[in-house]
Amino acid sequence: MQPILSVRGVSKTYASGRKALGSVDHDINKGEIFPLLGPNGAGKTTLISIVCGIVTPSSGTIIVDGHDAISEPRAARMEIGLVAPELSVGKFRHLGDTRRTQTIVKTCRYHSCCNRRNPDESDGP
C-alpha cells in the first residue's frame, strides 16, 4: 500500500542558524490516525507547517497522495485538510444559539454535529 503521506529527510534550519526540525522520516497510510506528540519546541508545528506548504523545508521530500508538496504545492494542498484547535466546533458550544455562533458553524459546515446532545455521538456510517 502506498502511503497517503510520506515525509523523507525533512528538516528546517532558519537563516539565523536555529534548527527548528531535525531530519524526519515517516509514512502515514490512508485511514490511519497518527498523533503528533512531543514537548514544546520539538518541531510539531514546524512539521505540520511544512507539510501544509506554509513553511519551506531546508531539506527533504514530502509526498501527499502522490503529489510532491515542494514541486506541486497546489495539488498537494488539495489533499490536505487542516483544522487548527482554536477553530474546532467544540470551542463554540458554550456560546449557545447566538446568531454569530450559527453563522460560524454553518460557514464551517459543522451544523449537524452542533445539534447533538452528546458531542461524542457520531452521525453514523
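**Exercise 1. Find which residues make the nonpolar surface patch, and place Ile48 within the model.**

Solution. Begin with the patch itself: Phe34, Leu36, Ile48, Ile54 and Leu82 make a nonpolar surface patch of about 440 Å². Patches are made of residues with over 30% relative accessible area and no salt bridge, where like charges are joined within 9 Å and nonpolar side chains (Val, Leu, Ile, Met, Phe, Trp, Tyr) within 5 Å. The areas come from the Shrake-Rupley method with a 1.4 Å probe, and for residues only the protein chains shown count as cover. Next, take one of these residues: Ile48 is found in helix α1, residues 44-51, and with a relative accessible area of 33% Ile48 is partly exposed. On this scale, buried means under 20% relative accessible area and exposed over 50%, with partly exposed in between (1.4 Å probe, protein chains only).

This is a predicted model, in which local features need pLDDT of at least 70 and side-chain atom pairs count only at pLDDT 80 or more, while totals for chains, interfaces and linings use all residues. Residues are numbered from 1 along each chain as its sequence is written, and side-chain values use heavy atoms, with hydrogens and water left out.

**Exercise 2. State how confident the prediction is, and where pLDDT stays under 50.**

Solution. The quantity to read is pLDDT, the predictor's confidence in each residue, from 0 to 100. For the protein the mean pLDDT is 76, and 66% of the residues reach 70 or more. Over residues 104-125, pLDDT stays under 50, and for this stretch the model has 17 contacts beyond four places in sequence, a contact being heavy atoms within 4.5 Å.

**Exercise 3. Work out the order of the strands in the sheet, and which strands stand at its edges.**

Solution. First list the elements: the protein has four helices and four strands, running β-β-α-β-β-α-α-α from the N terminus on. Helices (H or I, at least four residues) and strands (E, at least two) are DSSP runs, numbered from the N terminus, and two strands pair if DSSP finds at least two bridges between them. The four strands form an open sheet in the order β2-β1-β3-β4, with antiparallel pairing. Because β2 (19-28) and β4 (67-68) each have a single partner strand, they stand at the edges, and one side of each is left without a neighbour in the sheet.

Now follow β1 (residues 5-13), which five bridges join to β3 (residues 59-64), with Leu5 standing opposite Val64 in β3. Six bridges join β1 to β2, where the bridge partner of Lys12 is Leu21. The hairpin of β1 and β2 has five residues between the strands, and there Gly17 takes a positive phi near 100°.

**Exercise 4. Identify the side chains that meet in a salt bridge, and say whether Arg8 is buried, partly exposed or exposed.**

Solution. A salt bridge is a side-chain nitrogen of Lys or Arg within 4 Å of a carboxyl oxygen of Asp or Glu, and by this rule the count comes to one. The side chains involved are those of Arg8 and Asp27, at 2.7 Å from N to O. This pair links distant parts of the chain, since Arg8 lies in strand β1 and Asp27 in strand β2, 19 residues apart. Arg8 counts as partly exposed at 34% relative accessibility, and Asp27 counts as partly exposed at 29%.
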